[in-house]
Amino acid sequence: MTTLLHIASSPGEMRLAVSDHSVLVDFALWRPGAPDGVGDLYSGRITTLVPSMGGAFVQIGLEAEGFMPLPQGSPALTEGQSITTRITRAAQGGKGVRLALVDTTPAAAPGTRLAPGPTPLDRLAAQWPQANICVDTPAAAARIPHSLRARRLPGFAPPPEDIISACEALEEDDVSLPGGMRATITPTPALTAIDMDAPPTPGRAPKQTAQYAANRDALPALMRQIRLRNISGAILVDPAGLAARKRQALLEPTRAALEEDPLRPRCLGVTALGLIEIVRARIHPSLAELRNSPHGRALKALQHIVTSAPASTVLRGGSRIIQALEQDSEALADCRSQLGHPLALHLDPTLPDLHWTLHTP
């Protein structure tokens, strides 16, 4: 079996990496104590109908209200009405969850979660049905649902070093591509900008011909990076070295490279500035958003404690770090279990919100 789904665990988080012939082909983060909620079924209450936006705001018991689009032909609804709804897009980019109407009657009191959605492990296992599952710890093995246990290989082993390195490289903004090409990925609140850069073009081929070939050959790897990092929404790619009029020829290779992505991204064309325009559905938060959120930084602190400072007994943190850890009791329990001794949290108002320090006796 050449396709494997690796589960590598750390406090509050598991990295899920799918490898095929020792190449990383899919990736996700699984945070059991802080799921993104996509697929969850809720009873909710309509708070505001907004015809100008084609939908309604719905309270389902989360901190922020969710928005539920109401396409033409939807049932007539009223403000204050209780309904059954499902989360179709996670809260991200400062916006609440996106919802879909399931039923015009509630199954329980508003704010009640009726059923959880699939976990990241469920999703990857469904996308790669031929992959056997490898785990690194008994705790990770215990997280595998009964329906997937037949696919688990015996024993415990970390992912291979090349897969670990490929996963760690996903956190870097600078990406190595085939043919000596490189790309710099810059997320912004509105879009993600990707700047491709090419090495000098040796040989006798005309410069534009060589640059076209270098960009074309690097596009499949770049599109794979977009999928692995779950970059979504508007994406603008600036190819390397090509005149704007030559960039139209890259549209077909771009579209071909996007065909393997299950989210079916669309390549819309080349802008007047010569940028390749791509749109990819926003469903789950991107890897960059997960890593840079207060919760992501808090989990990074726990990982550091377990791997580099296991004698620590107190984590002093700014307000958002402490709040994130207090909201994820599973992550703290994981950390304390791996340390074998208590770890106390202390709010330190002298620290910036996202900073932390350790105390070791």
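**Entry 1: cavities**

I began with closed spaces in this predicted model. My search of the whole structure turned up one cavity of 30 Å³ or more. The largest cavity holds about 30 Å³ of space. Which residues line the largest cavity? I noted A8, R15, A17, P159, I164 and C167. Strand 2 and helix 3 (161–169) are the elements that give two or more residues to that lining.

**Entry 2: a pocket**

Next I turned to open spaces. The second largest pocket contains about 620 Å³ of space. It is lined by 24 residues, and I wrote down the ones closest to its centre: P187, T192, S286, A288 and E289. Two or more lining residues come from each of strand 12 and helix 6 (287–292). Which element gives the most to this lining? I found that helix 6 does, with five residues.

**Entry 3: the largest nonpolar core**

Then I went looking for nonpolar cores. The largest has 27 residues. I listed the members with the most contacts inside this core: L177, I194, M196, L222, M223, V237 and I276.

Where do the core residues come from? I found several elements that each supply at least two of them:

- Among the strands are strand 12 (182–187), strand 13 (192–197) and strand 14 (233–238).
- Strand 15 (266–270) and strand 16 (276–280) belong on the list as well.
- The helices are helix 4 (207–228) and helix 5 (251–258).

Helix 4 gives the most to this core, namely seven residues.

I picked L222 for a closer look. Setting aside residues up to four places away in sequence, I saw that L222 touches L177, A183, I194, M196 and V237.

There is also a second, separate core, made of 19 residues. Its members include V18, V25, W30 and V135.

**Entry 4: two helices and their buried sides**

I started with helix 1, which spans residues 120–127. Its buried residues are P120, L121, L124 and A125. Why do I say that they line one face of the helix? Looking down the axis of helix 1, I see its buried residues fall within an arc of 130°, so they share one face. I then checked what lies over these buried residues, and the cover includes strand 1 (3–10), strand 2 (13–20) and strand 3 (23–30).

Helix 5 was my second case. Here L251, P253, T254, A257 and L258 are buried. These residues cover an arc of only 165° around the axis, so they sit on the same side of helix 5.

**Entry 5: F156**

One residue in a loop caught my eye. F156 sits between helix 2 (138–142) and helix 3. Is F156 buried or partly exposed? Its relative accessibility is 46%, so F156 counts as partly exposed; the cut-offs I used are under 20% for buried and over 50% for exposed.

Leaving out neighbours within four places in sequence, I found F156 in contact with V135, D136, T137, P138 and A141. One of these, V135, I had already met in the second core. I also checked F156 against G33, which is 123 residues away along the chain. The C-alpha atoms of the two are separated by 23 Å.

**Entry 6: an annotated span**

Last, I looked up a record. An unreviewed UniProt entry carries the annotation "domain: S1 motif" for residues 39–102. How much of this span is helix, and how much is strand? I noted 0% helix and 50% strand. The end C-alpha atoms of residues 39–102 lie 12 Å apart.

Key: Residues are numbered from 1 along each chain as its sequence is written. This is a predicted model: local features need pLDDT of at least 70, side-chain atom pairs count only at pLDDT 80 or more; totals for chains, interfaces and linings use all residues. Side-chain values use heavy atoms; hydrogens and water are left out. UniProt positions are given in the numbering used here, feature names are shortened, and annotations may be inferred rather than shown by experiment. Helices (H or I, at least four residues) and strands (E, at least two) are DSSP runs, numbered from the N terminus. A nonpolar core is a set of buried Ala, Val, Leu, Ile, Met, Phe, Trp, Tyr and Cys residues joined through side-chain atoms within 4.5 Å. Buried means under 20% relative accessible area, exposed over 50%, partly exposed in between (1.4 Å probe, protein chains only). Contact means heavy atoms within 4.5 Å. The arc is that of the directions from the helix axis to the C-beta atoms. On a 1 Å grid over the protein atoms alone, a cavity is a set of points where a 1.4 Å probe fits but cannot get out, and a pocket is an open set with protein on both sides within 12 Å along at least five of seven lines; lining residues have an atom within 4 Å of a point. Grid points are joined across faces, edges and corners, and a volume is the space filled by probe spheres set on the points.
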